[in-house]
Amino acid sequence: MRLSLVVPCFNEAEVIAKFHQALSRELTATGRPYEIVYVDDGSADETLDALVELAATDESVRYLSFSRNFGKESAMLAGLRYASGDAVVIMDADLQHPPELVGRMLEHYERGFDQVIARRTRVGDPATRTLFARTYYWLINRWADVELMDGVGDFRLLSRRAVDGLLELGEYNRFSKGLFAWIGFESILFEYENVKQTDRKSRWTFRRLLEYGLDGLLSFNNKPLRLAIYVGGVLTAIAAAYAVWVIAVAALNGVKMPGYVTLIAAITGLGGLQMVMLGVIGEYIGRIYYETKQRPHYLLKQTNMDPADRLDKTP
Ligand code: UDP
Ligand code: MG
């Protein structure tokens, strides 16, 4: 059995050597053949040089380098396309995903699991963020077609057939958390203690979290559109009832002019609602727009692999 590791790297020059050392030690201890596929996601620092250097001294090192920063989702996709192992572990380069856990993942894999998922505890997270996350997952699991879990990220082991499944999903807008859940297969979850980001600020600002949250909601269902229909229906019913009442009052008492407040409230309220619904429709159309362009997820600048070694056949 051969193991592949996929490691997206964006400006990780400072930690990459340390990470590689720690990971190699762990992998050697498992006694299995392995390869490490580093994906340099258009780093602005010396990450690529560091990878070239690693590859020169360690023959298990493969690397891919992008022409610019395409984002972690694209980097993971590239890594999965070139990883040739019977099982693939995806992990971060910044040592937030402890290499010691790879051995444990392998044990689960050997017991027949297709996805071995590491789930981080939220120890040390700000309380507001934890609350926000809890609420979000509670909400999304009521809405989305796939089940998403709090604390679960990209750190996981995937069997060959799980990877092949992921590679069949050719969408441009890749919301990995949802894709992992979408493919299914036997999965097992284990917890590890949160490792705090020390060297720099997390890229997860509140705004990015919000955008990521919306992405999750919109990538996996059309329920927001359904909601528009329901809300529209309810409002129509209310409007009809109100109209009956207004007409009845007018028939009995004649028309007096007041009603200014009701009018303004109705106009602004409905105006706002219509903008929101338009926004929802716009979001979906925007997604269709990007999907139909069929652009590649990334462009390669440099690699020590043969581009023909890519395993999947999607464009
Ligand atoms: N990463 C990437 N491309 C990006 C941003 C991040 O490949 O555009 C990599 C990064 O090098 C790291 C992993 O994705 O290995 C997680 O990134 P980061 O530590 O910034 O995110 P966080 O830990 O806050 O989730
Ligand atoms: Mg990190």
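## Helix packing and domain layout

Helix H1 (residues 13-30) and helix H2 (residues 47-57) have axes that come within 8 Å and cross at roughly 25 degrees. That makes H1 roughly parallel to H2. This is a predicted model, in which local features need pLDDT of at least 70, side-chain atom pairs count only at pLDDT 80 or more, and totals for chains, interfaces and linings use all residues. Residues are numbered from 1 along each chain as its sequence is written, while chains are lettered from A and ligands numbered from 1 in the order in which they are written.

A quick word on terms. Helices (H or I, at least four residues) and strands (E, at least two) are DSSP runs, numbered from the N terminus. Axes are lines fitted to C-alpha atoms, for helices over the stretch in contact, and angles run from 0 to 180 degrees between N-to-C directions. Angles under 35 degrees count as roughly parallel, over 145 as roughly antiparallel, 65 to 115 as roughly perpendicular and the rest as oblique.

Back to the first pair: H1 and H2 cross in a right-handed way (clockwise turn of the near helix from the far one by less than a right angle; anticlockwise would be left-handed). On the H1 side, Ala13, Ile16, Ala17 and His20 meet Thr47, Ala50, Leu51 and Leu54 of H2; contact here means C-beta atoms, placed from the backbone, within 7 Å. Sorted by class, the residues of this contact are 6 nonpolar, 2 polar and no charged (Ala, Val, Leu, Ile, Met, Phe, Trp, Tyr, Cys and Pro count as nonpolar, Asp, Glu, Lys and Arg as charged, and the others, Gly among them, as polar).

H1 has another partner, helix H4 (residues 101-110), with axes that come within 9 Å and cross at roughly 35 degrees. Here Glu26, Leu27, Ala29 and Thr30 of H1 touch Val102, Gly103 and Leu106 of H4. That contact splits into 4 nonpolar, 2 polar and 1 charged residues.

Now for the domains. The chain is divided into domain 1 (3-202) and domain 2 (222-293), with bounds from an automatic or database domain assignment. Their C-alpha centres lie 45 Å apart, and 4 residues of domain 1 are in contact with 4 residues of domain 2. On the domain 1 side, the touching residues are 2 nonpolar, 1 polar and 1 charged.

Helix H9 (residues 223-253) and helix H10 (residues 260-293) have axes that come within 10 Å and cross at roughly 150 degrees. They are therefore roughly antiparallel to each other, and the crossing is left-handed. Pro224, Leu225, Ala228 and Val231 in H9 meet Leu273, Met277, Val280 and Tyr284 in H10, giving 8 nonpolar, no polar and no charged residues.

UniProt, in an unreviewed entry, lists "transmembrane region" at residues 227-248 and 260-285, and "domain: Glycosyltransferase 2-like" at residues 4-164. UniProt positions use the numbering here, feature names are shortened, and annotations may be inferred rather than shown by experiment.

| Span | Helix | Strand | End C-alpha atoms apart |
|---|---|---|---|
| Residues 227-248 | 100% | 0% | 32 Å |
| Residues 260-285 | 100% | 0% | 37 Å |
| Residues 4-164 | 45% | 23% | 14 Å |

How values were computed:
Contact = placed C-beta atoms within 7 Å.
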